[in-house]
Amino acid sequence: TILTGQAPLKLSDTGSRATLEELKAIVLEAASGDDARLVRDFFLKFDCQNLVRIIKNPEAEVLDTRGTLSREQLQEVLQGERGTGWGLEEVPQFIKDFVDAYPAKEGTNGYFPEDDILLAYYGYAMKSANTTLAEWYRLNFHLQSLMTAFVARKNGWNVADYVKGEGDVCDALHTSTASDFGLSATMPFVAEIMKIADETDPVKKEKKMDAFKWAWLDEHTFFEPFDIVALIAFLARTELLDRWALLDVEQGKARFTEIIEGLRGEARVPEEFIRTRVQRES
């Protein structure tokens, strides 16, 4: 396999190991065909974030190096150029739709392109041809929606103003008055997410959520140790570890506070909604 020889990862691993950026080069070079597309879909969220940075500020100096598209390629996406030879025609349609719609939405009160393109990304990723990976992306989307809904309800806000998207889960979050939004029957882990949402220490809250995701990956890839699902699960675990390598025991809370302070300017709801975008902002 592509990562033959890599030791199994543990959530406590923050020492010497390959970072997600380092692994990106390895897997993109080795993967081919449908597997290559699935790998690129995993990294696509970083390209989406970079695209928003450039569309808001063409001179933006800092881009997430985990993206697969260069600054020049992203600019070509924005310009809708064709025939440049690197595969612009293969850029997913949702990105092109986002670019086309942006001028009419820019400056609209309550419009945040970061949220818009992330919602579109999950809509795309949840349709993955690989069933397990589609479920992984769906889990991440639902976890984000659940955490947002629990915090909104706790603060007395209208959940529908903060939870975006379509489907049975989002509909329940928009309308249900039950403590679990009526979702426990179909999503047994909702009770666990409610406990995480009640955690008052922001660093512990992030760690517990990551531990939940890690356990899900373990459960759903245990019998698939050598295929593309296992590879992307390895990348997902590495992404979690990269974040936590920057939040050690002594400096965790101080670093988190620093991140929050740096993000105050872009916060549109109270601080509980802000994710620790350590890798992006470092």
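Me: How many salt bridges does the structure hold?
Reply: Happy to start there. The model is a predicted one, and side chains of opposite charge can be paired up in it by the distance from N to O. K56 and E114, for instance, meet at 2.7 Å, while D41 and R37 meet at 3.7 Å. The full count of salt bridges is eleven.

Me: How confident is the predictor in the protein chain, as a mean pLDDT?
Reply: The confidence varies along the chain, with pLDDT staying under 50 over residues 264-282. Even so, 77% of the residues reach 70 or more. The mean pLDDT of the protein chain is 82.

Me: How many helices and how many strands does the protein chain have?
Reply: Reading along the sequence gives the pattern α-α-α-α-α-α-α-α-α-α-α-α. Helix α2 covers residues 33-56, and helix α9 covers residues 202-221. The totals are twelve helices and zero strands.

Me: Which network do salt bridges that share partners form around D41?
Reply: Let's begin with one bridge, the one between the side chains of D41 and R37. These two are four residues apart in helix α2, so they are separated by about one helical turn. D41 is buried at 8% relative accessible area, whereas R37 is partly exposed at 29%. Through shared partners, the network joins R37, D41 and E90.

Me: How many residues apart in sequence are the parts that K56 and E114 tie together?
Reply: The side chains of K56 and E114 meet in a salt bridge of 2.7 Å, N to O. K56 is partly exposed with a relative accessible area of 48%, and E114 is also partly exposed, at 24%. K56 belongs to helix α2 and E114 to helix α5, so the bridge ties together parts whose separation is 58 residues.

Me: Are R243 and D210 buried or exposed?
Reply: These two side chains meet in a salt bridge, 2.4 Å from N to O. R243 lies in helix α10 and D210 in helix α9, so the pair ties together parts 33 residues apart in sequence. As for accessibility, both R243 and D210 are buried.

Me: How is the ring pair of Y102 and Y111 classed?
Reply: A pair of aromatic rings is described by the distance of the centres and the angle of the planes. This pair is one of twelve aromatic pairs. Y102 is buried at 8% relative accessibility, and Y111 is buried too, at 17%. The ring centres are 6.4 Å apart and the planes meet at 50°, so the class is tilted.

Me: Where in the chain do F189 and F212 lie?
Reply: F189 and F212 form a tilted aromatic pair, 5.4 Å centre to centre with 55° between the planes. The pair links distant parts of the chain, 23 residues apart. F212 counts as buried, at 9% relative accessibility. F189 lies in the loop between α7 and α8, and F212 in helix α9.

Me: Which residues do ring pairs link into a cluster?
Reply: The structure has twelve aromatic pairs to look through. Ring pairs that connect to one another make a cluster with these members: Y121, Y122, Y137 and F141.

Me: Which residue has its charged end over the ring of F181?
Reply: F181 sits in the loop between α7 and α8 and is buried, with a relative accessible area of 1%. Most residues other than glycine have a negative phi, and most peptide bonds are trans. The phi of F181, in contrast, is positive, near 60°. The charged end over its ring, 3.7 Å from the centre, is that of R153.

Me: Which helix gives the most to the largest nonpolar core?
Reply: In soluble globular proteins, nonpolar side chains tend to be buried together. Here the largest nonpolar core has 69 residues, and F98, Y137, L173, L183 and I193 touch the most other members. With twelve residues, the top contributor is helix α2.

Me: Which residues does L183 touch, not counting those up to four places away in sequence?
Reply: L183 is one of the residues that touch the most other members of the largest nonpolar core. Leaving aside residues up to four places away in sequence, its contacts are L146, V169, A172, L173 and V190.

Notes. Residues numbered from 1 in each chain as written. Predicted model: local features only at pLDDT ≥ 70, side-chain atom pairs only at ≥ 80, totals over all residues. Heavy atoms only, no water. Phe/Tyr/Trp six-rings, centres within 6.5 Å; stacked < 30°, edge-to-face > 60°. Buried < 20%, exposed > 50% of the residue type's maximum accessible area, 1.4 Å probe, protein only. Lys NZ or Arg CZ within 6 Å of the ring centre and 35° of its normal. pLDDT = per-residue confidence, 0-100. Contact = heavy atoms within 4.5 Å. Core = buried A, V, L, I, M, F, W, Y, C linked by side-chain atoms within 4.5 Å. Salt bridge = Lys/Arg side-chain N within 4 Å of Asp/Glu carboxyl O.
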